[in-house]
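Dear colleague,

Please find below the structure I promised to pass on to you. My notes on it follow directly after.

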Amino acid sequence: MCALFKDREKLTPRYIPANLPHRNDEVNFLNSFFRESLTYPSKSHLKTVQIVGAVGSGKTAVARLFGDRFESEARRQNVNLKNIYINLKLHGDSKVILYRHLTRQVAPEIYSTSLSAEELLYNLIKFLKEYRRYLVLTLDEIDYFIKRTQDSDIFYDMSRLEEFIEPGETSNFLGIIFIARGREFQKLLDEAALSSLGNIVLEFKPYTYNQLIDILEERVKEAFNPGTVPLEIIEFVADITSKPPVKGDVRYALDILLYSGNLAEYEGYDRILPEHVRKVVNITYPTITEEDIYYLPEKDKIVLLSIAKLLKNDRKPYTSLKEIRQSCAILCEQLKLKQMSTEEIENSVDDLHDRNIIEIKSLSSIGITGIPVEALDQFLENLMKRLESGLIERT
Ligand SMILES: Nc1ncnc2c1ncn2[C@@H]1O[C@H](COP(=O)(O)OP(=O)(O)OP(=O)(O)O)[C@@H](O)[C@H]1O
Ligand SMILES: [Mg+2]
């Protein structure tokens, strides 16, 4: 049996890919925005950018990739520049903890736990100027930080960096990137703090289905061995994650791929099957409860069982209305139920869709999201048996 994974680690959030499809423009924008500061770094004033966008829309990845590239660009131009990334969820308990962390990253030799926040920042700028070193800083999850600490002091500090040593002086901080999920937190800030965020805002729209396909294809190439993740699986995951409630979150899409891969491997398969994805989605995003199915009208149950059987037998994520009609006819005959008309079947398909139990991409692409076909089949089969015996008892 061939191994599924080439490198599992490539699917984790720790890994930053060297190429971010559909976010190249943003990475390039940051690069051209900050690049001119490298020409006369000691005379360059601080520039700020905000990145705002939904969960898993690539904000962190873009800032980190830009930072790495910018560091190399600076090296080429003989500028001693460091890119510092700080996630305030990890290092943002308070301002002093944040500045200690910053100091330790930039200049461990001047790190001290006995200094105040202001002293730490003052010493840091003095150090940078003395040794002609420069910084670009990313402060990630600032909305979280503001909500948690109710403290907007760091924004004043960032806007006053150039006054710490002497008014009008530069601070050797060439750039700061602030990252937030939305703009809600700005309501908690006053004018002065707001202005330190700057006017330049990069807004990241949620990824679309087609964008997700491109992104996932690249990530799959890095993480899995060839042939273990068929295109239909990538399409299936992109479909699930481009729609509400997920709406373009690549992190969730990568999680689905990782867990599906683990599951397929555990079950001894040499590739991921739609069932593996469905099982994972069911565990991580349950959309159909047993109760939902229990309260279905009988006709819906027959149609749903037909769909489940089709998907299970053919090992594919979607089926067509035509196949559903054929499968329904066979099922009704087997269960000795009255045949359903085309209209009745279409009605049930619509109803199942309205209940969010099935999804209809087109009449030839009907599938179930959020429940393992295996489980659904068994569950419905039992239900149908009970129904059958109930009917027999009544007669
Ligand atoms: N364009 C892309 N190409 C490849 N991978 C991507 C792309 N965009 C995001 N990712 C990957 O998706 C995951 C989530 O992205 P990222 O952490 O940048 O999201 P975010 O916008 O910072 O989300 P959050 O608001 O939850 O912090 C990461 O593993 C990242 O590598
Ligand atoms: Mg992030």
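The shell around ligand 1 is where I would begin: helices α2 (59-76), α9 (209-223) and α11 (250-266) each supply at least two of its residues. Please keep in mind while reading that this is a predicted model. In total, 21 residues surround ligand 1, and the closest are G58, K59, T60, A61 and V250. By character the residues of this shell divide into 10 nonpolar, 6 polar and 5 charged, and at least three of them come from each of domain 1 (23-204) and domain 2 (208-284).

Turning to the sheet, 5 strands are arranged in the order β2-β3-β4-β1-β5, forming an open sheet with parallel pairing. Because β2 (80-87) and β5 (201-204) stand at the edges and each has a single partner strand, one side of each is left without a neighbour in the sheet. On average, and with direction ignored, neighbouring strands of this sheet are turned by 15° against each other.

Strand β1 (residues 47-53) pairs with β4 (residues 173-180) in the parallel sense over 6 bridges, and in this pairing V49 stands opposite I177 of β4. Strand β1 is also joined to β5 by 4 bridges, the two running parallel, and here I51 stands opposite L202 of β5. In general, the side chains of a regular strand alternate between the two faces of the sheet. Along β5 this can be followed residue by residue, since L202 and F204 point to one face and are buried, whereas V201 and E203 point to the other face and are not buried. Elsewhere on the sheet, helix α4 (residues 95-106) lies across β2 and β3 (133-140), and its course makes an angle of about 145° with β2.

One further residue deserves a paragraph of its own. Y207 is placed in the loop between β5 and α9; is Y207 buried or exposed? It counts as buried, because Y207 has 28 C-beta neighbours inside 10 Å, where 20 or more are required. Leaving aside residues up to four places away in sequence, Y207 touches H22, S57, L212, I215, S242, G248 and V250. As for V250, which is among the residues closest to ligand 1, its C-alpha atom is separated from that of Y207 by 8.0 Å, although the two residues are 43 residues apart along the chain.

With best regards

How values were computed. Residues are numbered from 1 along each chain as its sequence is written. Chains are lettered from A and ligands numbered from 1 in the order in which they are written. This is a predicted model: local features need pLDDT of at least 70, side-chain atom pairs count only at pLDDT 80 or more; totals for chains, interfaces and linings use all residues. A residue is near a molecule or strand if its C-beta atom, placed from the backbone, lies within 6 Å of it. Ala, Val, Leu, Ile, Met, Phe, Trp, Tyr, Cys and Pro count as nonpolar, Asp, Glu, Lys and Arg as charged, and the others, Gly among them, as polar. Domain bounds come from an automatic or database domain assignment. Two strands pair if DSSP finds at least two bridges between them. Axes are lines fitted to C-alpha atoms, for helices over the stretch in contact, and angles run from 0 to 180 degrees between N-to-C directions. Two residues are in contact if their C-beta atoms, placed from the backbone, lie within 7 Å. A residue is buried if 20 or more other C-beta atoms lie within 10 Å of its own, exposed if 12 or fewer, and partly exposed in between; C-beta atoms are placed from the backbone.
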